[in-house]
Amino acid sequence: MSLVAVVNFGTGNLRSVQKAIEHVADKRVRVVVTDNGSELAKADRVVFPGQGAIGTCLDAMEKRDLREIFYLILSSKPFLGICLGLQAMYKFSEEGGGVQCMGVLDGVVEHFSDGSGRDKFTDPATGGRLKVPHMGWNNVMQTQPHPLWCDIEQGQRFYFVHSYCVQSNDSSQLYGVTEYGKTFTAAGGRDNFFGVQFHPEKSQSAGLQLIKNFVSWDGSV
Amino acid sequence: MGLAKRVIPCLDIDAGRVVKGVKFVDIRDAGDPVEVASKYDQQGADEITFLDITASSEGRQTIYALVEEVASQVFIPMTVGGGVRELDDVHRLLHAGADKVAVNTAAVHNPEFVREASNHFGVQCIVVAIDAKRVSDKSPLAWEVFTHGGRQPTGIDAIEWGQRMVDCGAGEILLTSMDRDGTRDGFDLELTRTMSNSVPVPIIASGGVGNLSHLVEGIIEGGADAVLAASIFHFGEHTILEAKQVMLEAGIEVRL
């Protein structure tokens, strides 16, 4: 029997994360969706999808006294961050006027816009206008091998939806990049933590493969 | 390489079945929603949209079970709209497994609803659906917002409305031309282009697709980020894969 906990802070869609894990895992794997610290602490693996705005998400963690538990999980068991669950691991996000994050990975979270205003984002390559949020299927270039990339093609498309993106400062913590007007971190990690900006639970067979890889990952790189 | 333009089949749902009206009458039964959604997923649909057109309140409850069943089998993004009026409706749909919720009439009645919903659940899951009808054919072209499935005029300019909805936190706009819906004459490309140039968020073009080159036009001439169609896929005329091949030949980035 193995237990996978999906961190739930009350908003957004966690059902699909849960269903995707149940779809790929064998019958001995149990999935719980929870915000309970002791359940998270006893789980074998933890998935942190992150939801809504990053400030609200981190406040929700504080309100439930989960920060210490998170650091404990980060130092002890396979931990998958999805979307905000990746962004929250860096030092700082400029979302909502600026938020200090967990600081586990070296890098910052910035808005897609090029500084000429929130609603203008031009593609430097073509001069064309790019829409924000970055929404849809884009290619992920794997920058380093990792057990979670097992059986996933280089350049595979995954489903993204986000307005803020990560810029990593440490290439040893960078596992994948995507282009959208600029190059940003599509996957980052360290030790037993692996985080993705895209939504594997919504990325059809390639996404399910990544989740399958996570469910059998022992946390070593 | 790069972000792909999306092809989105739309399933109109009435009391748990897929239906397709031609010009809002003659509703034909097009099958079981779970089977149809799975079929489109296998054909390479980039997302799936369900619009609940059920009139009765007891019939409306079927949508939650349906969304939950689809979400356990189909692992691509799912948008659900139709009759979404309160935060609790949004919450229930997201909880059942929807990724995005489309709001239409309720946004016109109370624009703050869009702000509340996007503050609470995130802009990424709030789609504002706009049903627009041409009110001026001469320059400057103009379109008016209609509600209640295209029956009720509002006096609101569609382009200004789109901009206001983005200010309220809409993460995407599903733009339907009421003049073209059901006609198979192609998208209202001027409407699509004008909206796309006026708002920073992605636009889904809808209404009027009768053949695959209409999808190409929607992207290239209309500037849409995604194209939505129903009847050309439902009755076996074309598969999603065929649609994407035609788009690819036209030089459009697609996910194959």
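User: Before we get going, what does contact mean here?

Analyst: We're looking at a predicted model. In it, two residues are in contact when their heavy atoms come within 4.5 Å.

User: Great. How many residues does each chain bring to the contact between chain A and chain B?

Analyst: Let's start with what those residues are like on one side. The side of chain A that touches chain B divides into 10 nonpolar, 13 polar and 8 charged residues. Counting by chain, the contact takes 31 residues from chain A and 41 residues from chain B.

User: What area is buried between chain A and chain B?

Analyst: The size of an interface is often given as the accessible area lost when the parts come together. Carbon and sulfur atoms give 55% of that area here. In chain A, the residues that lose the most area to chain B are A:K131, A:M135 and A:W137, together 23% of what that side buries. The total between chain A and chain B is about 3000 Å².

User: Which element gives the largest share of the side of chain A that touches chain B?

Analyst: Four elements of chain A give two or more residues to that side: α1 (15-24), β8 (134-139), β10 (157-162) and α6 (204-215). The largest share is 6 residues, and the element behind it is β8(A).

User: How many salt bridges are there between chain A and chain B?

Analyst: Side chains of opposite charge can pair when their charged atoms come close. One pair across the interface is A:K202 with B:D99, 2.9 Å from N to O. Polar contacts between the two chains come to 22 residue pairs. As for salt bridges between chain A and chain B, the count is 5.

User: Is A:S203 buried or exposed?

Analyst: You'll find A:S203 in the loop between β14 (193-196) and α6 of chain A. Leaving out residues up to four places away in sequence, A:S203 touches A:W137, A:F158, A:Y159 and, from the other chain, B:F75. Its relative accessible area is 1%, and the cut-off is under 20%, so A:S203 is buried.

User: Which residue's backbone nitrogen does the side chain of A:S203 reach?

Analyst: The distance is 2.8 Å. The partner also turns up among the residues that A:S203 touches. That backbone nitrogen belongs to A:Y159.

User: Let's move inside chain B. How far apart in sequence are B:K100 and B:E47?

Analyst: Their side chains meet in a salt bridge, at 3.1 Å from N to O. B:K100 sits in strand β6 (residues 100-103), while B:E47 is in the loop between α1 (33-43) and β4 (48-52) of chain B. The pair links distant parts of the chain, 53 residues apart.

User: Are those two buried or exposed?

Analyst: B:K100 has a relative accessible area of 2%, and B:E47 has 0%. The cut-off is under 20%, so B:K100 is buried, and B:E47 is buried.

User: Which residues are linked with B:K100 and B:E47 in a network of salt bridges?

Analyst: The structure holds 23 salt bridges over all chains. The one between B:K100 and B:E47 is part of a network. The other residues linked in that network are B:R6 and B:E172.

User: Which residues form salt bridges with B:R134?

Analyst: B:R134 lies in strand β7 (residues 126-136) of chain B, and one partner is in the loop between β10 (172-177) and α8 (189-198), so that pair ties together parts that are 54 residues apart in sequence. The closest N and O atoms of that pair are 2.9 Å apart. A second partner lies in helix α8, 56 residues from B:R134 in sequence, and that bridge spans 2.5 Å from N to O. The two partners are B:D188 and B:E190.

User: Which helix gives the most to the largest nonpolar core?

Analyst: In soluble globular proteins, nonpolar side chains tend to be buried together. The largest nonpolar core has 80 residues, and among the members that touch the most others are B:F50, B:L93 and B:I130. B:F50 is in contact with residues including B:L66 and B:V70. The helix giving the most, with 6 residues, is α3 (residues 62-71) of chain B.

User: What do the buried residues of α9(B) pack against?

Analyst: The buried residues of helix α9 (residues 212-220) include B:L212, B:L215 and B:I219. They pack against α8, β12 (226-229), α10 (231-234) and α11 (240-249) of chain B.

Technical notes. Residues are numbered from 1 along each chain as its sequence is written. Chains are lettered from A and ligands numbered from 1 in the order in which they are written. This is a predicted model: local features need pLDDT of at least 70, side-chain atom pairs count only at pLDDT 80 or more; totals for chains, interfaces and linings use all residues. Side-chain values use heavy atoms; hydrogens and water are left out. A salt bridge is a side-chain nitrogen of Lys or Arg within 4 Å of a carboxyl oxygen of Asp or Glu. Buried means under 20% relative accessible area, exposed over 50%, partly exposed in between (1.4 Å probe, protein chains only). A nonpolar core is a set of buried Ala, Val, Leu, Ile, Met, Phe, Trp, Tyr and Cys residues joined through side-chain atoms within 4.5 Å. Buried area is the accessible area (1.4 Å probe) that two parts lose on being put together, summed over both. A polar contact is a pair of N or O atoms within 3.5 Å; within protein, one must be able to donate a hydrogen and the other to accept it, and residues adjacent in sequence count only if both atoms are side-chain atoms. Ala, Val, Leu, Ile, Met, Phe, Trp, Tyr, Cys and Pro count as nonpolar, Asp, Glu, Lys and Arg as charged, and the others, Gly among them, as polar.
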